Amino acid sequence: MAKSAAESCPLCISIKNLSFSYKKPRQSVVNALNNVSIDIRAGEYITLLGENGSGKSTLISCVNGLLAPPPGAIAVFTPDGLRLDPANEDHLKRIRALAGITSQNPDLQIIGSIVEEDVAFGPENLNLSKREIQLRVANALEAVGLSHLRDRPPRLLSGGEKQRLALAGVLALDARILIFDEPTSMLDSLSAKTILALFDTLNSQGRTIIHITHNHDEALRSRRSIVLREGKVAFDGAPEAWGGREEWKLERPKKSASFSGFPLETQAAAQFFSASHQYPHPAARPITGIHGVSLRIPRNSTTAVVGKSGCGKTTLLKHINALLLPSSGNVSVLGADTLDKRVNLRSLRFKAALAIQSPESALFETYVADDVAFGPENAGLKGARLVQRVKTAMDASGLPFAVFADRETTSLSGGEKRRAALAGAFAMDSEIFLLDEPLAALDNKNKRRVMELIFEQQAKGKTIVVTTHSLEMAAFFDYVAVMDKGRIAAFGPPEAVFGELWNPDWGLAAPKFQNARSASAHSAKRPPDTPPAQSKQKRKIGKPFFRTAILGRFLDIDSPLRNLNPIVKMALLFATGGLSIAGSLYAPPVVLLIVLVSGKLWGGIACKTLLRDAAAVLPFLLLFVLLQTAFLWGNDSSPILFQPFQTGFFSFFSITSAELHRSLAFICRITSLIAALSLYLATTPLRETISAINTLLAPLSRLGLPARDIAMMVGVSIRFVPLLTEEAERIVTAQISRGGKRGLRSGLAMLVPLLLLSLERAETLANAMLLRLYKTGA
């Protein structure tokens with residue numbers, strides 16, 4: 001019998017009898033993969049399917065060596081037939097050069113502090129010429145549609161834009177094998193089609209594509225599908241021949257039996273009155289989140305918010321939860337104006353619970369049940385009632401309480417983390433549920449489970465607003481709101497939005513089918529929209545610190561300082577730092593003035609921007625000052641300026657003129673040092689810093705010292721600062737959105753999960769660097 005074209009190609013990956021087990025906390029050994037055997041030939045296009053937790057991510061992590069497979073179980077072949085084993089550390093860099101991979105969560109793969117810098121990281125590790133690196137970066141960004149955002153910091157990208165950035169980073173490696181883990185889960189339909197067409201093009205050029213997906217239509221694009229079930233290969237063949245494919249088709253979710261399609265109430269759950277919001281940029285123009293939004297969401301309705309990545313969907317939800325306040329216009333939630341000082345925003349958040357888009361980083365408690373209990377506990381629920389509320393929410397969300405209650409949140413799969421975030425929101429039993437991309441990264445069985453849960457909540461009188469990129473799922477909702485460039489482009493029943501209101505200029509692909517429900521349920525007459533009366537006690541809109549602090553972040557502003565040789569800038573940094581720390585008491589103010597003026601005149605960075613990082617550490621500086629002024633120094637004979645207790649136990653506490661002078665000098669030294677460091681990092685990209693350190697340490701490498709590792713260690717430390725602020729932002733957002741309090745107590749409560757997440761992120765950052773071909777020294 002003649003061989004097929006695929007069978008005649010050489011092997012590129014061979015997996016023989018691979019089993020992999022690991023022990024999850026408080027559990028016995030879990031068999032993630034069980035006797036898996038797969039041969040993949042060069043030039044194949046394969047889709048890898050399976051339910052959440054079936055072993056897909058574990059399998060690809062074994063292939064690229066992030067997990068250590070048994071020796072000899074996996075072979076990756078070079079084009080000339082050389083056999084490489086991911087169990088052999090000496091083979092890993094060549095394997096990762098052959099097989100590029102995107103992870104399920106793009107946040108865990110981003111390394112650079114701006115888009116262009118991140119994409120360049122991999123090619124730079126291949127020791128390519130500067131011209132070749134620039135060409136690869138430009139081509140990769142063009143391929144994923146991010147050329148216009150090449151200078152934007154990744155933290156200011158939407159979830160879908162981050163997903164495309166992760167793809168660009170892998171494409172720039174020009175690998176022969178491309179492994180994509182859920183690459184379209186956070187993309188709008190048209191962007192997903194563009195990316196899938198790119199995969200087809202890459203495959204036609206001879207590259208091997210391994211595409212992990214939960215989407216049945218995406219599976220049909222490939223010539224071969226492999227289905228995993230409970231760690232075993234359940235199917236391997238043509239996707240149209242798979243007998244279980246009906247499980248993956250999109251079906252109408254079942255509504256609760258108690259829901260009878262009664263007319264929707266005419267009262268509004270949330271209303272926007274020409275509301276706009278802008279995110280401040282540390283050095284550039286503010287970024288528009290929403291603009292001139294006027295919208296009315298009826299009570300006891302389900303609304304799907306759709307639109308391209310970055311169009312403002314998440315910003316819209318955060319306004320309903322009052323995490324964000326409008327820069328102009330008004331937002332009314334359950335009749336309360338969020339700008340009115342008399343409105344208790346914390347109480348309002350109990351009534352409008354939010355499940356955020358990136359639960360991977362926002363599950364801040366150690367154990368799943370504790371995280372789900374956070375909201376109800378803040379609302380005052382205790383004892384048996386609290387346990388029952390948590391159990392009900394977890395069971396309904398597909399995380400059985402008996403199995404997952406004591407599971408550590410860090411041990412969950414991507415889909416399980418998303419369901420845990422949903423359980424945390426539903427446990428609050430709010431009047432409004434705001435679900436940000438609740439269906440992303442879920443298999444279709446769990447998608448249906450979530451949709452049915454949404455309709456069950458509606459039957460209880462709740463209002464549900466979700467954001468989604470799935471227009472097919474949006475068609476099942478009562479209303480659809482289409483967002484385009486921060487504005488509401490259309491709003492109404494799905495049969496109207498996907499029918500006479502449809503506009504191809506939205507950049508979306510029309511859904512394949514429409515909700516056949518009659519529009520009569522939407523015909524109830526409602527009162528006219530009238531903005532709330534303007535309160536004289538209007539709430540002041542503060543600027544979010546996390547988005548404006550710049551320490552460790554590169555701001556690509558064309559300026560003399562940006563173009564200055566990085567070694568010269570580093571020398572100036574050491575000089576100013578030395579003067580700040582070791583100079584006379586008058587040196588720090590002079591250094592600070594020079595730094596601020598230089599940043600303004602030659603760096604294009606405002607003085608307040610450079611001082612903002614120092615303001616972030618000011619509470620810690622004041623605490624240190626308080627401790628050192630609490631006691632009399634042995635050689636301090638200066639006059640006592642303040643001593644509240646003349647006798648008794650606290651009589652030791654006093655402030656002398658010398659202590660005051662010393663404390664002010666200390667604060668000034670640290671402030672000038674932080675400002676100088678902020679200016680250097682804001683005008684010098686990470687790769688230039690690493691290159692400069694490499695040059696300065698080159699003589700040490702001749703002595704056998706790992707100069708490149710030292711340089712990269714410094715670079716990772718610099719990159720880690722903004723990563724920690726991003727993690728802190730996610731934790732605070734998750735806590736506040738579920739009724740957490742602001743203040744010192746909440747700040748201290750954030751430290752433990754932030755520490756744990758920082759350790760986890762340190763590992764994922766190291767893994768991301770290894771996957772992008774960074775090689776450590778001896």
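**Exercise 1. Confidence in the model**

What is the mean pLDDT of the chain, and what share of its residues reach 70 or more?

*Solution.* The structure is a predicted model, and its chain has a mean pLDDT of 81, with 79% of the residues reaching 70 or more. The next step is to look at particular stretches: over residues 256–265 the pLDDT stays under 50, and the model has 19 contacts beyond four places in sequence for them. Residues 514–528 also have a pLDDT that stays under 50, and for this stretch the model has 32 contacts beyond four places in sequence.

**Exercise 2. A salt bridge between a helix and a loop**

Find which parts of the chain are tied together by the salt bridge of glutamate 116 and arginine 150.

*Solution.* Begin with the distance: the side chains of glutamate 116 and arginine 150 meet with N and O 2.7 Å apart, which lies within the 4 Å that a salt bridge requires. Next, place both residues: glutamate 116 belongs to helix 3 (residues 115–125), while arginine 150 sits in the loop between helix 4 (130–144) and helix 5 (159–171), so the pair ties together parts that are 34 residues apart in sequence. Finally, consider accessibility: arginine 150 has a relative accessibility of 25% and therefore counts as partly exposed. By the same rule, the count for the structure comes to 12 salt bridges.

**Exercise 3. Two arginines compared**

Decide for arginine 221 and for arginine 224 whether the residue is buried or partly exposed, and describe the salt bridge that each one forms.

*Solution.* Take arginine 221 to begin with, which forms a salt bridge with aspartate 200, the closest N and O atoms being 2.4 Å apart. This pair links distant parts of the chain, since arginine 221 is in helix 7 (residues 216–221) and aspartate 200 in helix 6 (residues 189–204), 21 residues apart. Arginine 221 is partly exposed, with a relative accessible area of 35%, and aspartate 200 is partly exposed as well, at 29%.

Now turn to arginine 224, whose salt bridge partner is aspartate 236, with 2.8 Å between the closest N and O atoms. Here the link runs between strand 9 (residues 224–229), which holds arginine 224, and strand 10 (residues 232–237), which holds aspartate 236, and the two residues are 12 apart. Because buried means under 20% relative accessible area, arginine 224 counts as buried at 13%, whereas aspartate 236 counts as partly exposed at 37%. Salt bridges also link Glu44, Arg224 and Asp236 in a network.

**Exercise 4. Aromatic rings**

Determine whether the rings of phenylalanine 180 and phenylalanine 199 are stacked or edge-to-face, and do likewise for tryptophan 502 and tryptophan 506.

*Solution.* The structure holds six aromatic pairs. In one of them, phenylalanine 180 and phenylalanine 199 have 4.2 Å from centre to centre and 5° between the planes, and the pair is stacked. Phenylalanine 180 is in strand 7 (residues 177–181) and phenylalanine 199 in helix 6, 19 residues apart, and both phenylalanines are buried. For tryptophan 502 and tryptophan 506, the ring centres are 5.2 Å apart and the planes stand at 75°, so this pair is edge-to-face. Ring pairs link Phe498, Trp502 and Trp506 into a cluster.

**Exercise 5. The nonpolar cores**

Which residues have the most contacts inside the largest nonpolar core?

*Solution.* The largest nonpolar core has 37 residues, and those with the most contacts inside it are Phe272, Val333 and Leu434. A second, separate core of 33 residues includes Val306, Ile464, Val466 and Phe498.

How values were computed
Residues numbered from 1 in each chain as written. Predicted model: local features only at pLDDT ≥ 70, side-chain atom pairs only at ≥ 80, totals over all residues. Heavy atoms only, no water. Helix = DSSP H or I, 4+ residues; strand = E, 2+ residues; numbered from the N terminus. Buried < 20%, exposed > 50% of the residue type's maximum accessible area, 1.4 Å probe, protein only. Phe/Tyr/Trp six-rings, centres within 6.5 Å; stacked < 30°, edge-to-face > 60°. pLDDT = per-residue confidence, 0-100. Contact = heavy atoms within 4.5 Å. Core = buried A, V, L, I, M, F, W, Y, C linked by side-chain atoms within 4.5 Å.
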